[in-house]
Amino acid sequence: MKKLVIAAAATAVLAALAGCGTENAADRATQRAIKPVKPAVPEQTVNGLPGMPPVLNPKDVYAADRPNKLSPVVKDFPSRVYVPNTESDTVSVIDPKTFEIVETIKVGRQPQHVVPSWDMKTLWVNNNRGHTLTPIDPKTGKAGKPVDVHDPYNLYFTPDGKHAVVMASLDRELVFRDPHTMKIQHTEPVSCYGVNHADFSLDGRYFIVSCEFSGELLKVDTEKMKVIGQQKLPFDGAMPQDVKVSPDGKKFYVADMMADGMWVLDGDTFSKPTLLPTGKGTHGLYVSRDSKEMYVSNRGEGTISVFDFPKNKLTKKWKLPQGGSPDMGGVSADGNTLWLSGRYDAEVYAIDTRTGVQIARIPVGSGPHGLAVYPQPGRYSLGHTGIFR
């Protein structure tokens with residue numbers, strides 16, 4: 001009899017535990033109703049050019065360019081604005097804190113652009129008619145011995161860092177050179193006139209080049225160093241200038257100073273482009289630090305148009321007081337200032353990117369052109385006045 005009592009008591013205790021425990025009938029029903037969560041799928045990686053640093057974000061090629069995200073290579077460099085004065089054969093060096101010229105560097109004949117090297121340790125001044133490149137040490141601001149390079153109108157670097165690409169405008173060549181010694185590795189003749197500006201695809205496997213004097217575009221295979229596509233822009237008298245890829249890599253934008261707008265095309269298919277009017281004398285293209293906007297300099301009317309990438313449209317236009325000729329430049333490391341050369345007015349403009357207000361107008365030498373703001377965020381440079389990834 002005593003054993004029956006104990007057994008009954010044990011059964012009661014178990015029943016009580018089941019009633020207030022972690023799993024009852026209702027819990028089991030709830031668990032059956034909840035669908036298991038699938039593990040997160042990692043973002044698809046980009047099959048980039050061999051040797052190229054991996055793409056940080058497949059949806060944003062400019063992900064490394066966030067405000068003040070300076071590489072250890074450049075973090076101790078003094079902040080400066082380097083202005084090549086094409087007709088004065090000098091580079092004006094501006095302190096962006098005081099808006100004053102702190103040094104004037106004598107360089108070769110007709111300096112067109114100041115270009116950060118792939119490893120970001122050197123600034124190369126493209127002396128177009130002097131047929132030299134002048135190296136500047138951005139740590140000390142001192143110029144080194146010029147290097148003989150024929151017809152260096154503009155300069156780029158392949159994403160893998162293996163080649164410098166000289167835009168030999170009058171020679172009608174793309175000249176691939178050693179990125180340090182500048183010795184020729186391969187010369188690619190072109191049939192268009194005035195190879196000028198360029199930008200690379202998201203995966204770095206090709207780049208689009210503008211041909212200013214014949215109104216054409218080229219598509220070039222980076223690894224093979226070969227032109228694989230060529231097309232004439234559908235505008236009589238077209239003069240394409242700066243080139244930029246969209247953050248998601250799906251589109252290329254090409255400024256055209258005669259068509260007064262940007263050509264928009266699919267780089268992968270190298271399709272026929274469409275024109276988006278922006279303003280008279282469209283020239284330079286610069287992406288904001290958050291990758292949401294692009295600043296478009298309209299040299300012929302003294303304005304800057306603002307293109308919104310997510311909205312796919314122009315949203316603002318800023319007008320320079322007393323006009324001007326905004327040309328080439330770059331965005332400050334913190335993203336708050338757009339710096340542009342005034343090509344025909346011997347001056348430089350500093351514009352607040354939050355308000356569009358001109359905050360400085362600085363006299364420089366004659367014919368200021370491819371201005372470089374340095375240092376800037378990013379892991380490596382693709383050239384021009386600063387295209388960073």
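**Exercise 1. Determine whether R389 is buried or exposed in this predicted model, and identify its salt-bridge partner.**

Step 1. The relative accessibility of R389 is 4%. Buried means under 20% relative accessible area, so R389 counts as buried.

Step 2. The side chain of R389 meets that of D199 in a salt bridge, with an N to O distance of 3.1 Å. This separation falls within the 4 Å limit that defines such a bridge.

Step 3. D199 is placed in strand β13, whereas R389 belongs to the segment after β29 (372–374); the pair therefore ties together parts that are 190 residues apart in sequence.

Step 4. The accessibility of the partner completes the description: D199, at 0% relative accessibility, also counts as buried.

**Exercise 2. State which residues lie closest to the centre of the second largest cavity, and classify its lining.**

Step 1. The second largest cavity has a volume of about 100 Å³.

Step 2. It is lined by 17 residues, of which V55, V61, R379, Y380 and R389 are the closest to its centre. R389, the salt-bridge partner of D199, is thus one of these central lining residues.

Step 3. By class, the lining comprises eleven nonpolar, three polar and three charged residues.

**Exercise 3. Describe the largest cavity by volume, central residues, contributing elements and composition.**

Step 1. The search yields two cavities of 30 Å³ or more. The largest cavity holds about 180 Å³ of space.

Step 2. Its lining consists of 14 residues; those closest to the centre are D65, V287, R289, Q376 and G386.

Step 3. Two elements, β21 (282–287) and β25 (326–331), each give two or more residues to this lining. The greatest contribution comes from β21, with three residues.

Step 4. The lining of the largest cavity divides into seven nonpolar, four polar and three charged residues.

**Exercise 4. Describe the largest pocket by its volume and its lining.**

Step 1. The volume of the largest pocket is about 170 Å³.

Step 2. The residues that line the pocket are N68, L70, S79, P96, S332, A333, D334, T337, V373 and P375.

Step 3. Sorted by class, this lining has five nonpolar, four polar and one charged residues.

**Exercise 5. For the salt bridges E301–K317 and E103–K142, give the distance and the location of each partner.**

Step 1. The whole structure contains 16 salt bridges.

Step 2. E301 and K317 are joined by a salt bridge of 2.9 Å, N to O. E301 is located in the loop between β22 (293–298) and β23 (303–308), and K317 in strand β24 (residues 313–319), so the bridge ties together parts that are 16 residues apart in sequence.

Step 3. Both partners count as partly exposed: E301 has a relative accessibility of 27%, and K317 one of 46%.

Step 4. In the second pair, the closest N and O atoms of E103 and K142 are 3.7 Å apart. E103 belongs to strand β3 (residues 100–106) and K142 to strand β7 (residues 142–143), 39 residues apart. E103 is partly exposed, with a relative accessible area of 28%.

**Exercise 6. Identify the residues of the nonpolar surface patch and locate Y193.**

Step 1. L170, Y193 and F213 make a nonpolar surface patch of about 350 Å².

Step 2. Y193 occupies the loop between β12 (184–189) and β13 (195–200).

Step 3. Patch residues must have over 30% relative accessible area. Y193 is partly exposed, with a relative accessible area of 44%.

Technical notes
Residues numbered from 1 in each chain as written. Predicted model: local features only at pLDDT ≥ 70, side-chain atom pairs only at ≥ 80, totals over all residues. Heavy atoms only, no water. Patch = residues over 30% accessible without salt bridge, like charges linked within 9 Å, V, L, I, M, F, W, Y side chains within 5 Å. Areas by Shrake-Rupley, 256 points an atom, 1.4 Å probe, with all protein chains shown as cover. Helix = DSSP H or I, 4+ residues; strand = E, 2+ residues; numbered from the N terminus. Buried < 20%, exposed > 50% of the residue type's maximum accessible area, 1.4 Å probe, protein only. 1 Å grid on protein atoms, 1.4 Å probe; cavity = no way out; pocket = protein on both sides within 12 Å on 5 of 7 lines; lining within 4 Å. Points joined across faces, edges and corners; volume = space filled by probe spheres on them. Nonpolar A, V, L, I, M, F, W, Y, C, P; charged D, E, K, R; others polar.
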